[in-house]
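The following report introduces a protein structure to a reader who has not met it before. It proceeds from the sheets to individual residues and the backbone.

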Amino acid sequence: MDNKKEQIIYLSVKDFSVSGESFDLISNIEFDFLETSPQPSLDKLPAYYKSEDYISHTDSKRNLFEKTYHSIKRIALKRKLKLIEAYSKEGKSLLDFGCGTGDFLQIAKDGGWEVYGIEPNDEARKIANKKTENSVFNSENLLKLENSRFDVITLWHVLEHLPNLNEHISIFKKLLKPKGTLIIAVPNFKSYDAKFYKNFWAAFDVPRHLWHFSKTSISKLVSKENMHVVKTYPMLFDAFYVSLLSEKYKTGKMNPIRAFLIGCLSNLKAITTKEYSSIIYCVKNDKN
C-alpha cells in the first residue's frame, strides 16, 4: 500500500515459527489495518513458508494437535460449501485462490461445482491436483483466466498473504460474474484474543501475514472496486486454534485448558462487540 501518511508502530512481533526475526506492525490510518514492516521481497518470501509445521501445506497428522485440526477442518469444509451455495443460486463455478492441499475444492467438486484452484506452493499443489483431477494451477495462471468467469471466488485465510493487495482485489473483481460473490476469511486484530496475547498472538504470523485486517478495512478495500460487504460470519473455532498456538509462543507449551478458556472468552465477548478472532466476509460485485 502507498497510503502511509505517518509511521505509527502498533506492535513489534517475532516470527515464532520459522526465522525468529522481529517485525513491526505499522498502523495504516486510512484503511484501519496493520502492515508488516519490513515486508520480505518477493524472491525471499517463500523461504518463510519452509516449515514442517505450516499445516495448510500438508495433510500430515503427526500428533494430537494436527489430528484435531483436520477433524475440525472436515466440519468447517461442509459449512463453507453450504455458505457458497447460499450465495450462488444461478451458477456453480468456483475459484479457490490459495487453495492449499485442495480439500475445499474436492468437497465442492463432489457437490457439483466446476472448480478451479490457484496455489503457489509446489508440494501443496501436487496434493491438491490428486484430489481435483488436475484443477489447480500456479499463481501465473490467474492472469490467464477470462473475465466474468466465476460465480464465487474464495480466499480462506489468504488475503493477508498477498503482497500486491489492491492489485489482487482488482483482479478478483474482474474475474467475478456481474452478480458474483467474493468470500474473504481473515483474522481480526481487534478481537479479544488478539488484545490478550498482544505480540504473542499467533494470527499475526509475521512475515507471512503482510496485512492485519479489521472489519472496517475489508469494507474500505472492496469499496474501492465497487464491491460491498453484504454479511459477515464468525469463525468460532479460530479463537481456540489461535489461542493454543499463542500459548505455545508465550509460555513454551500449548496449555490447552487456558487456551480453551481464552477462546471461550473471546467468542463470548464478540457476541456483543462482533470482533471475532477470524471473520468471513461475503462481498457482492456491484457491477450490473
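A residue is called buried when its relative accessible area is under 20%. The model described here is predicted.

**The seven-stranded sheet**

By that definition, strand 11 is mostly covered, with 8 of its 8 residues buried. In a regular strand the side chains alternate between the two faces of the sheet. Strand 11 can be read in this way: Ser278, Ile280, Cys282 and Lys284 point one way, while Ile279, Tyr281, Val283 and Asn285 point the other way, and all are buried.

Strand 11 belongs to an open sheet of 7 strands, arranged in the order 6-5-4-7-8-11-10 with mixed pairing. Strand 6 (136–137) and strand 10 (227–234) are the edges of this sheet; each has a single partner strand, so one side of each is left without a neighbour in the sheet.

Both partners of strand 11 run antiparallel to it: strand 8 is joined to strand 11 by 7 bridges, and strand 10 is likewise joined to strand 11 by 7 bridges. In the pairing of strand 8 with strand 11, Ile183 has Cys282 as its bridge partner. In the pairing of strand 10 with strand 11, Pro234 stands opposite Ile279. At the other edge, strand 5 (residues 114–118) and strand 6 run parallel and are joined by 2 bridges; there, Ile118 is opposite Phe137.

A helix also packs against this part of the model. Helix 4 (residues 165–175) lies across strand 4 (93–97), strand 7 (150–156), strand 8 (176–187), strand 10 and strand 11 (278–285), and it runs at about 145° to strand 8.

**The four-stranded sheet**

A further open sheet is formed by 4 strands in the order 1-2-3-9, and its pairing is antiparallel. Its edge strands are strand 1 (9–14) and strand 9 (211–212), each of which pairs on one side only. Strand 1 and strand 2 (residues 22–28) are joined by 5 bridges. Within this pairing, Ser12 has Asp24 in strand 2 as its bridge partner.

**Aromatic pairs**

The structure holds 16 aromatic pairs. One of them is formed by Phe16 and Tyr249, which are stacked, at 4.6 Å centre to centre and with 10° between the planes. This pair links distant parts of the chain, since Phe16 lies in the loop between strand 1 and strand 2, whereas Tyr249 is in helix 7 (residues 236–251), 233 residues apart. Is Phe16 buried or exposed? Phe16 has a relative accessible area of 28%, and because this value falls between the limits of 20% and 50%, Phe16 counts as partly exposed.

Ring pairs also join Phe31, Phe33, Trp211 and Phe213 into a cluster.

**The surroundings of His209**

His209 is located in the loop between helix 5 (192–197) and strand 9. Its relative accessibility is 8%, and His209 therefore counts as buried. Which residues are in contact with His209, leaving aside its neighbours within four places in sequence? They are Thr36, Glu160, His161, Pro187, Ala203 and Phe204. For Ala203, a polar approach can be given: its backbone oxygen lies 2.8 Å from a polar atom of the side chain of His209.

**Backbone features**

Most residues other than glycine have a negative phi, and most peptide bonds are trans. The table lists two cis peptide bonds and two residues with positive phi.

| Feature | Residues | Angle |
|---|---|---|
| cis peptide bond | Ser37 to Pro38 | omega near -5° |
| cis peptide bond | Val206 to Pro207 | omega about -5° |
| positive phi | Asp32 | phi near 60° |
| positive phi | Asn255 | phi about 50° |

These features are found in loops. Pro38 is in the loop between strand 3 (33–37) and helix 1 (64–86). Pro207 lies in the loop between helix 5 and strand 9, the loop that also holds His209. Asp32 is placed in the loop between strand 2 and strand 3. Asn255 lies in the loop between helix 7 and helix 8 (256–273); helix 7 is also the helix that holds Tyr249.

Technical notes
Residues are numbered from 1 along each chain as its sequence is written. This is a predicted model: local features need pLDDT of at least 70, side-chain atom pairs count only at pLDDT 80 or more; totals for chains, interfaces and linings use all residues. Side-chain values use heavy atoms; hydrogens and water are left out. Two strands pair if DSSP finds at least two bridges between them. Rings of Phe, Tyr and Trp (its six-membered ring) pair if their centres lie within 6.5 Å; planes under 30 degrees apart count as stacked, over 60 as edge-to-face and the rest as tilted. Buried means under 20% relative accessible area, exposed over 50%, partly exposed in between (1.4 Å probe, protein chains only). A polar contact is a pair of N or O atoms within 3.5 Å; within protein, one must be able to donate a hydrogen and the other to accept it, and residues adjacent in sequence count only if both atoms are side-chain atoms. Contact means heavy atoms within 4.5 Å. Axes are lines fitted to C-alpha atoms, for helices over the stretch in contact, and angles run from 0 to 180 degrees between N-to-C directions.
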